[in-house]
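Subject: Structure for you to look at

Hi,

Here is the structure I promised to pass on. Please open it alongside this note, and my findings follow below.

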Amino acid sequence: MTAEEPTMAVTLARGARCMCPACGTGALFRKYLKVVDTCASCGEPLHHHRADDMPAYIVMSIVGHIVVGLVLWAEFRYGWPVWLHLSLWLPLTVVLTLALLQPVKGFIVALQWALRMHGFGTSRGPRPAPAAVSAN
């Protein structure tokens, strides 16, 4: 890891892109939703994460709001038959869910890394003290 720690925004963006939150170059996942034990690029241990079901809850909320809103809009606007709703909204729900799961899990792992949760703090040591502001 570099001497200077990345900002929270940079860390979260790296996680959402499925990259190592520490260096931003190593891959965060070894399989679809399996986080690597350590970053291949910088050696940062990442096995501490405990994302559990939080990414799934977030994805369900996002996809649910999108799909239910679109279903209601289409039903009240056009009055489509049920077969058309099913043939359109079920595949859209599956595709959106699968597309969002990995970036959301990466975001959660990066958030835990940035906040030093679940063992990340012991692997990285304490936060550096903020620079003193001089009153000149």
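A residue counts as buried when its relative accessible area is under 20%, as exposed when that area is over 50%, and as partly exposed in between. Trp-80 has a relative accessibility of 24%, so this residue falls into the partly exposed class. Please keep in mind that this is a predicted model.

First, the overall picture. The protein chain contains 4 helices and 0 strands, so reading from the N terminus you will meet the order α-α-α-α. Of its 136 residues, 31% are buried. The accessible surface amounts to about 8500 Å², and carbon and sulfur atoms account for 67% of that area. If you take the contacts between residues at least 6 apart in sequence, 54% of them connect residues at least 24 apart.

Now back to Trp-80, because the aromatic residues around it deserve a look. The structure has 3 aromatic pairs. In one of them, Tyr-78 and Trp-80 are stacked, with 5.8 Å from centre to centre and 15° between the planes. Tyr-78 is partly exposed, as its relative accessible area is 45%. Trp-80 also pairs with Trp-89, again in a stacked arrangement, here with 6.2 Å between the centres and 20° between the planes. Trp-89 has a relative accessible area of 10%, so this partner is buried. Taken together, ring pairs join Trp-73, Tyr-78, Trp-80 and Trp-89 into a cluster.

The charged side chains come next. Side chains of opposite charge can pair when their charged atoms come close. How many salt bridges does the structure hold? There is 1, and it is formed by the side chains of Glu-5 and Arg-116, at 2.9 Å from N to O. Glu-5 sits in the segment before α1 (8-16), while Arg-116 belongs to the loop between α3 (82-114) and α4 (120-124), so the pair ties together parts that lie 111 residues apart in sequence. Is Arg-116 buried or exposed? Its relative accessibility is 16%, so Arg-116 counts as buried.

If you have only a few minutes, I would start with the cluster that includes Trp-80 and then turn to the salt bridge between Glu-5 and Arg-116.

Best wishes

Key
Residues are numbered from 1 along each chain as its sequence is written. This is a predicted model: local features need pLDDT of at least 70, side-chain atom pairs count only at pLDDT 80 or more; totals for chains, interfaces and linings use all residues. Side-chain values use heavy atoms; hydrogens and water are left out. A salt bridge is a side-chain nitrogen of Lys or Arg within 4 Å of a carboxyl oxygen of Asp or Glu. Helices (H or I, at least four residues) and strands (E, at least two) are DSSP runs, numbered from the N terminus. Buried means under 20% relative accessible area, exposed over 50%, partly exposed in between (1.4 Å probe, protein chains only). Rings of Phe, Tyr and Trp (its six-membered ring) pair if their centres lie within 6.5 Å; planes under 30 degrees apart count as stacked, over 60 as edge-to-face and the rest as tilted. Contact means heavy atoms within 4.5 Å. Accessible areas come from the Shrake-Rupley method with a 1.4 Å probe; for residues, only the protein chains shown count as cover.
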